[in-house]
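Thanks for sharing this one. Here are a few notes to read alongside the structure, starting with the aromatic rings and moving on to the core and the helix packing.

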Amino acid sequence: MLKAFKTFAADKCALRKTYGADLHNVEVEPEIVSATDVIFAIESYLNHTVTKEQLVQWVNVLWFTDLYEYESACEDTIAEVMTLLESIDEEEVAFSEEEYREMIEALRRNRPVKL
């Protein structure tokens, strides 16, 4: 189920059906999130496969629960991009397609985002 959520094949409701309503207190072996997973999420948003709300929900579950851990080799870059993505539900925050592409490039090269 964790892998399915990570790839948008399942939603937060499905996670709650599997693990209970409180996703913050689940004892399970965490799923590893790689740079490729975050790239997939951003590209899915850019391709209109997922909505902004779905992307924010995805980020919040991966960021604020213990269900997921970031791949250690690129943990800092993933955390930086996730912090940026987490902010897109705020009214004054809007990234251009070029800025999303920069996030993808940073993830691919495991380097800081240059916005």
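1. To begin with the rings: this is a predicted model, and it holds 7 aromatic pairs. One of them joins Phe8 and Phe40 in a tilted arrangement, with 6.3 Å from centre to centre and 40 degrees between the planes. Phe8 sits in the loop between helix H1 (2-6) and helix H2 (12-19), while Phe40 belongs to helix H3 (residues 35-46), so this pair ties together parts that are 32 residues apart in sequence.

2. How buried or exposed are these two rings? Phe8 has a relative accessible area of 21%, which makes it partly exposed because buried means under 20%. Phe40 also counts as partly exposed, at 37% relative accessibility.

3. For another pair, look at Phe95 and Tyr100: their rings are edge-to-face, 5.7 Å centre to centre, with 75 degrees between the planes. Phe95 and Tyr100 are both buried.

4. Please also look at Trp58, which joins Phe8 and Phe40 in one aromatic cluster. Trp58 turns up again in the largest nonpolar core, a set of 36 residues, where it is listed with Val38, Ile42, Leu85 and Met103 as having the most contacts inside the core. The elements giving two or more residues to this core are H1, H3, helix H4 (52-64), strand E2 (68-70), helix H5 (75-86) and helix H6 (97-109).

5. Met103 deserves a click in your viewer. Setting aside neighbours within four places in sequence, Met103 is in contact with Ile42, Val81, Leu84, Leu85, Phe95, Val113 and Leu115. Phe95 is the partner of Tyr100 in the edge-to-face pair.

6. How do H3 and H6 pack? Their axes are 9 Å apart, at an angle of about 165 degrees. Angles over 145 degrees count as roughly antiparallel, and H3 and H6 are therefore roughly antiparallel to each other. Their crossing is left-handed. On the H3 side the contact is made by Ala35, Val38, Ile39, Ile42, Glu43, Tyr45 and Leu46; H6 contributes Glu97, Tyr100, Arg101, Met103, Ile104, Leu107 and Arg108.

7. Last, two backbone angles to check. Phe8 is not a glycine, yet its phi is positive, at about 65 degrees. His48, likewise a residue other than glycine, has a positive phi near 65 degrees. Phe8 is in the loop between H1 and H2, and His48 is in the loop between H3 and H4. Phe8 is partly exposed, whereas His48 is exposed, with a relative accessible area of 71%.

How values were computed. Residues numbered from 1 in each chain as written. Predicted model: local features only at pLDDT ≥ 70, side-chain atom pairs only at ≥ 80, totals over all residues. Heavy atoms only, no water. Phe/Tyr/Trp six-rings, centres within 6.5 Å; stacked < 30°, edge-to-face > 60°. Helix = DSSP H or I, 4+ residues; strand = E, 2+ residues; numbered from the N terminus. Buried < 20%, exposed > 50% of the residue type's maximum accessible area, 1.4 Å probe, protein only. Core = buried A, V, L, I, M, F, W, Y, C linked by side-chain atoms within 4.5 Å. Contact = heavy atoms within 4.5 Å. Axes fitted to C-alpha atoms, helices over the stretch in contact; angles between N-to-C directions. Parallel < 35°, antiparallel > 145°, perpendicular 65-115°, else oblique. Left-handed = near helix turned anticlockwise from the far one by under 90°.
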